[in-house]
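I opened this model to jot down a few things before going back to the bench. Here are my notes, in the order I looked things up.

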Amino acid sequence: MRVLIVEDKAPIREQLASDLKKSGFTVDVAADGAQGLYIATEYPIDIAVIDLGLPHVTGLEIIKNVRAKGLEYPIVTLTVRDRWETKVEVLEAGADDYLVKPIHSEELSARLRALLRRTQGWTQSELNCPPVRLNLTEQRVYVDDEEITLTAYEYRVLEHLMMHAGQVISKTHLTDSLYEEDTDRDSNVIEVFIRRLRQKLDKNDTLKPIETLRGRGYRFTLDCHRPNTQK
Amino acid sequence: MMGSLRSRQLVSGFTIIVVGILILGAMLRLNIYQRKTDAIISELESTSYNLLGFIEFQDGKFQISEDNRKEAEVFINARQLAQSNNKERFAYIWSMDEQKVVWSTVDNELDKESATSLFALFNFEEIANKPRTEPYTSPKAQSMDSVPPPGSNEAPAPYMVAAQKFAFNLTPGQGSDERSEFIFIVASSTKDVGREISDLIMVFAILFFVSVILILIAQLASSFWVVAPIRDFEEEVRDIENGNKELITNEYPDELVPIKNTINALIGHEKGQKQRYKDSLDDLAHSLKTPLAAIQSHLEGDHFHDIPPDHPGLAGVASEMEYMQEIISRQLRKAMVTTDNAIIMAQPIRPLLTRLANTMKKVHRDKDFEIRINVDEYSKCRMDSEDLMELFGNLLNNACKFCDKLVEVSAYRDNDMLVVDIDDDGMGFPSENPSKLLKRGIREDSKTEGQGIGLAVSTEIVSAVNGRIELLVSPYVGARVRLHLPV
């Protein structure tokens, strides 16, 4: 999952970035509003963390711009202003959550995960597509209640596919959500991850959980328990 | 009495009118009297002059010659000189030697008694001794009082008298040089003049009285008209006080415009002051909290990687910082609460509640519950909008957090307060001593960070505007927070 952090205070920004990376996110950072707005509207990010008090372009303006462009990824705002007036204003502008500084990284990443699965209609922190179960908080995967050991990248690919179960995810999108912008990409890597995932999840080759649509991407095909399907 | 502008206006107007009318009346009376006496004087003088022309002295007595008798009669009748029954108008010649009337318009030969019954007598000595300033001019009329005959109980009466003194030798050519003195009197009673004038004065007095009443009525009417803008102004200021308006916007007469501008400026100043205060507090919050958050990031960061997280020094610093943050936010909330302020607009709480309800659905999106807003748009309360948002935000958030399926907000008017109930169907307040929840710092739900002060902040906001907050049991057996807010 690719997250954008827009925060002008360097220590906080760096701290959040490194903590979120540790908990498995791909992180983009912006130090001011203008840069933040550019990344927020031009890059294929999955979720954004935006500080409200930014130089040049305020956090509120970024949110309004993002929503005006029809982008619907979840946005979490950070602020020192602990007033309902601000909360209401921000949430009405299109933000999805609101955190008052100081922020604890664990709380932030928990909120981000909750928002990500919620926007895909998941209400529990476990994605249950029998026989595959993926626990978002523990970052563990089970098949028939048996834990499967995955590498960090394999996990991220599976998480992304399962989160958007039923939807076609392009290879570029997967790459984008795995790597930061400036890293060298090799789209073959995705194919390798997919192949390994198929082997690990489907040892007998009977389940066929991941479907390849030639030229378009991949799709997670198993039926999932998803009470509030939005998309 | 002088408390109101209208009474001041009425009293001053009334005084001026009454004094003015009194002065005018006195002047008018003098003027009328002057004119009236002037008319009588000139009439008497001409009568005296003309009548004397008819009279001749023949055979030792005064008489009107045969030739002129007819003419003289007409003249006497025309001048009403023969009607002496009331001693009103008459003419006679008084002989100073004989001390009797020797000729009159009524009869020539009169004894003393009938003369006194027909005519008023005057102080002839005085007339006779009066030095003649202009010897050959026509007689001068002047007012004088009659001299009642001795022994009678008549009072002296006012007369206008044209008296002419003349003297000649009764027996010319007999060697005697003695000249007899006569006084020719033409008199008209001015008793009637006085009465006429007082009649006239009476008429005028009635006219004046009526006009005073009319003027007063007019004044009263005009005072209503004049005072009307002031009353409108007062009404508008009261509207602002009641929070129905923000500024004085109506058009007023020129005299009220400076007051209007001053009041508007004052309101603007007051608002600006409040805004500046809030802004500077906000800045303070920002400038204090941001470095604190940064310090916290440093502490959690890689620079302290080698130090175990339960290092006593580090843990102490961290907990002190958390304490500092809590103090800052608590004091800021407290300071942000707007105190009772006359110039706050009353605003409907429904739009605000709807906004908050939408926000709450977003904040508590994991929960499946309903928020019912049973508040109409007439439910208004006079509080700062930010405070209202904070108050209802905190209370609704608590309700949403603790409810099972339902949060309900209802409002009704009770005398001069707006009563708002925030109900939920959760577990309700602890039965023992729920009021301690209203005190700051006691967390209702220790699991959720920073939310326990919600009720305490609400209490502060409500008590700052002289409202009241109660913790009750809702009809859904959950918690009910009842607010009494100023209208």
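Before I place anything in a loop, a word on naming: helices (H or I, at least four residues) and strands (E, at least two) are DSSP runs, numbered from the N terminus. I also keep in mind that this is a predicted model.

**Entry: the odd backbone in chain A**

I looked up where His56(A) sits, and it lies in the loop between E3 and H3 of chain A. Its phi is positive, about 70 degrees, although His56(A) is not a glycine. Is His56(A) buried or exposed? I count 12 other C-beta atoms within 10 Å, and a residue with 12 or fewer is exposed, so His56(A) is exposed.

I then checked Gly70(A), which follows H3(A) and has a positive phi near 85 degrees. Next came the peptide bond between Pro130(A) and Pro131(A), which is cis, with omega about 0 degrees. I find Pro131(A) in the loop between strand E6 (126-129) and strand E7 (132-135) of chain A.

**Entry: two helices of chain A**

Which residues of H2(A), residues 33-42, are buried? I noted Gly33(A), Gly36(A), Leu37(A) and Ala40(A). Seen down the axis of H2(A), these buried residues fall within an arc of 100 degrees, so they line one face of the helix. As a reminder to myself, an α-helix has 3.6 residues a turn, so residues three or four places apart point the same way. Among the elements that cover the buried residues of H2(A) are strand E1 (2-6), strand E2 (26-30), strand E3 (47-51) and helix H3 (59-68) of chain A.

I did the same for H3(A), where Gly59(A), Leu60(A), Ile62(A), Ile63(A) and Val66(A) are buried. They cover an arc of only 160 degrees around the axis, which puts them on the same side of H3(A). Their cover includes E1, H2, E3, strand E4 (75-79) and helix H4 (84-93) of chain A.

For the chain as a whole, I wrote down eight helices and 12 strands in chain A. Buried residues make up 41% of its 231 residues. Of the contacts in chain A between residues at least 6 apart in sequence, 58% join residues at least 24 apart.

**Entry: chain B**

Chain B has 10 helices and 14 strands, and 25% of its 487 residues are buried. I looked at how H1(B), residues 5-54, packs on H5(B), residues 191-242: the angle is about 155 degrees and the axes are 9 Å apart. That angle makes H1(B) roughly antiparallel to H5(B). Their crossing is right-handed. I sorted the residues of this contact by class and got 22 nonpolar, six polar and three charged.

I also found a positive phi here, near 60 degrees, at Asn466(B), a residue other than glycine. Asn466(B) lies in the loop between helix H10 (453-464) and strand E13 (468-473) of chain B. With 12 C-beta neighbours inside 10 Å, Asn466(B) counts as exposed.

**Entry: where the chains touch**

How many residues of chain B are in contact with chain A? I get 26, against 20 residues of chain A. On the chain B side, helix H6 (257-300), helix H7 (312-336), helix H8 (350-363) and helix H9 (385-402) each supply at least two residues. H6(B) gives the largest share of that side, 12 residues. By class, I have six nonpolar, 11 polar and nine charged residues on the side of chain B that touches chain A.

Methods. Residues are numbered from 1 along each chain as its sequence is written. Chains are lettered from A and ligands numbered from 1 in the order in which they are written. This is a predicted model: local features need pLDDT of at least 70, side-chain atom pairs count only at pLDDT 80 or more; totals for chains, interfaces and linings use all residues. Two residues are in contact if their C-beta atoms, placed from the backbone, lie within 7 Å. Ala, Val, Leu, Ile, Met, Phe, Trp, Tyr, Cys and Pro count as nonpolar, Asp, Glu, Lys and Arg as charged, and the others, Gly among them, as polar. Axes are lines fitted to C-alpha atoms, for helices over the stretch in contact, and angles run from 0 to 180 degrees between N-to-C directions. Angles under 35 degrees count as roughly parallel, over 145 as roughly antiparallel, 65 to 115 as roughly perpendicular and the rest as oblique. A crossing is left-handed if the near helix is turned anticlockwise from the far one by less than a right angle, and right-handed if clockwise. A residue is buried if 20 or more other C-beta atoms lie within 10 Å of its own, exposed if 12 or fewer, and partly exposed in between; C-beta atoms are placed from the backbone. The arc is that of the directions from the helix axis to the C-beta atoms.
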